[in-house]
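Dear colleague,

I am handing over the structure that we talked about, and you will find it directly below. My notes on what was found in it come after.

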Amino acid sequence: MGSNAHYEDVAYYAKTYADRTEDVAYYVELAASHGGPVLEYGCGSGRIALPLARLGLSVTGIDRSATMLQSLRRQASKETGLDLTVRRGDMRTKRLGERFPLVLCTFNTFLHLYTRQDVERFCARVREHLAPGGTFVVDVTVPSPEELDRKPERLHRTSPFKHPSGEVVRYGERFHYDPLRQVSYVSMEFEPKGSPERGWRVPLTQRQFFPQELEALLHYNGLEVTEVHSNFIAAPLEPEPEELIYHCRRRRGFRRP
């Protein structure tokens, strides 16, 4: 449920991340310089895929959420001339039988790979889908020790807001980090104002990858890191970045065990 529930309420998801535009601009510029076709893992409802398709590029998106893909198809049908294909499936196993010069894994999609075996299977799919000389780009949030140390019994509240359903809700989050599995569990709690008995919770579960760990995992799974950017700025790395963006290519001489 921690892999799926957060992506079932498309209207709330779209409202929550409507102001997140830095990654969209970054990937639009990247795709414009590379050209198509482009493969995006975790395309969701198209926050990034649609702007890429509007460049006139051929875009293929993979996502596991039927709800998100339904929304993406609905939005795409309202526009003409888009070369956009969506496929529902597990990113660890979905095979398309095509190769792409640019493969993207956007907005923490990689954090739903909870085990070493998950990473190995996903990287194998990436290598299969990368065209010779192609580029794979993945962005992840950098773990914060202070945030991982938050106590699960504490509810971190924000100001009440109007939910897309029309109700004013009180909102809070609880956090629990499992240091052995390196998995963060988030409970997003919604409470309609004046009707707490109708409240609901949405779980979100994400693996935490530390920078040197992730670079090693990519390397030993046949992906050579060529560039690392921070916070969607193509400049020298910031000393304490919130997000890192890894550019990779297929590692020469790699043979799958």
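The notes below cover a strand pair, the nonpolar cores and one buried residue.

This is a predicted model, in which local features need pLDDT of at least 70 and side-chain atom pairs count only at pLDDT 80 or more, while totals for chains, interfaces and linings use all residues. Residues are numbered from 1 along each chain as its sequence is written, and side-chain values use heavy atoms, with hydrogens and water left out.

Strands E2 (residues 58–63) and E3 (residues 83–88) pair in the parallel sense over 6 bridges, where pairing requires that DSSP finds at least two bridges between the strands, and helices (H or I, at least four residues) and strands (E, at least two) are DSSP runs numbered from the N terminus. Within this pair Val59 stands opposite Leu84 in E3, and together with helix H4 (residues 66–77) the two strands make a right-handed β-α-β unit, that is, with the strands pointing away from the viewer, the path from the first strand over the helix to the second runs clockwise.

The largest nonpolar core (buried Ala, Val, Leu, Ile, Met, Phe, Trp, Tyr and Cys residues joined through side-chain atoms within 4.5 Å) has 28 residues, and Phe136 is among those that touch the most other members. Elements giving two or more residues to this core include helix H5 (116–129) and strand E5 (130–141). A second, separate core of 24 residues includes Val86 and Val137.

Finally, Gln206 in strand E9 (residues 200–207) is buried, with a relative accessible area of 17%, because buried means under 20% (1.4 Å probe, protein chains only).

Best regards

Notes:
Buried means under 20% relative accessible area, exposed over 50%, partly exposed in between (1.4 Å probe, protein chains only).
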